[in-house]
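Here is a short guided tour for anyone new to reading protein models. Have the sequence and the 3D view open, and follow along as each part is named.

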Amino acid sequence: MAVAVKLFATLVGLSKTKRPQFEMEWWEGMTARDLLTAEGFSEKDEETIAAVVNGEQADWDTALRNGDRVELLVSLQGG
């Protein structure tokens, strides 16, 4: 059981895996925040990184399911 993970290019070099795409073992109760933490990012990084689960932006507390596709993107804001 696993979730597919894709990292925005800017995040690859800052992550633990240093890979743009990989699979992470899924467990019951796993959240998008767990994935972020496992990749070495901090709570402060949540302000600048967005999670997209199965093509839709998600909150960090979003529960993940086996087989989900998760993208971690740099959150851009403009005005």
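Two residues are in contact when they have heavy atoms within 4.5 Å of each other. Keep in mind that this is a predicted model.

**A loop residue to start with**

Let us try that idea on Thr31, which sits in the loop between strand 2 and helix 2 (32-38). Which residues does Thr31 contact, leaving aside its neighbours within four places in sequence? They are Trp60, Asp61, Thr62, Ala63 and Leu64. Is Thr31 buried or exposed? With a relative accessible area of 15%, Thr31 is buried, because buried means under 20%.

**The sheet**

Now look for the strands. There are 5 of them in an open sheet, arranged in the order 2-1-5-3-4 with mixed pairing. Strand 2 (21-25) and strand 4 (56-58) are at the edges, and each has a single partner strand, so one side of each has no neighbour in the sheet. From one strand to the next, the twist averages 35°.

Zoom in on strand 1 (residues 2-7) and strand 5 (residues 69-74): they run parallel and are joined by 4 bridges. Here you can find Lys6 standing opposite Glu71 of strand 5.

**The nonpolar core**

In soluble globular proteins, nonpolar side chains tend to be buried together. In this model, the largest nonpolar core has 21 residues, and Val3, Leu35, Leu64 and Leu72 are the ones that touch the most other members. At least two residues of this core come from each of strand 1, helix 1 (9-12), strand 2, helix 2, strand 3 (49-53) and strand 5.

Val3 is a good residue to click on. Not counting residues up to four places away in sequence, Val3 touches Phe22, Glu23, Met24, Trp26, Met30, Leu35, Leu64, Arg65 and Asp68.

**The salt bridges**

Side chains of opposite charge can pair when their charged atoms come close. How many salt bridges are counted in this model? The count comes to 3, and the table shows the pairs with the distance between nitrogen and oxygen.

| Acidic residue | Basic residue | N to O distance |
|---|---|---|
| Glu46 | Arg33 | 2.7 Å |
| Asp61 | Arg33 | 2.2 Å |
| Asp68 | Arg65 | 4.0 Å |

Arg33, Glu46 and Asp61 are linked in a network of salt bridges. What does each pair tie together? Glu46 is in the loop between helix 2 and strand 3 while Arg33 is in helix 2, so this pair ties together parts that are 13 residues apart in sequence. The side chain of Asp61 also meets that of Arg33 in a salt bridge. Asp61 lies in the loop between strand 4 and strand 5, so its pairing with Arg33 in helix 2 ties together parts that are 28 residues apart in sequence.

The members of this network also vary in exposure. Glu46 is buried, at a relative accessible area of 16%; Arg33 counts as partly exposed at 28%; and Asp61 counts as exposed at 55%.

Finally, turn to the salt bridge between Asp68 and Arg65. Asp68 counts as buried at 5% relative accessibility, whereas Arg65 is exposed, with a relative accessible area of 57%. You have already met both residues, as Val3 touches Arg65 and Asp68.

Key. Residues are numbered from 1 along each chain as its sequence is written. This is a predicted model: local features need pLDDT of at least 70, side-chain atom pairs count only at pLDDT 80 or more; totals for chains, interfaces and linings use all residues. Side-chain values use heavy atoms; hydrogens and water are left out. Two strands pair if DSSP finds at least two bridges between them. Axes are lines fitted to C-alpha atoms, for helices over the stretch in contact, and angles run from 0 to 180 degrees between N-to-C directions. Buried means under 20% relative accessible area, exposed over 50%, partly exposed in between (1.4 Å probe, protein chains only). A nonpolar core is a set of buried Ala, Val, Leu, Ile, Met, Phe, Trp, Tyr and Cys residues joined through side-chain atoms within 4.5 Å.
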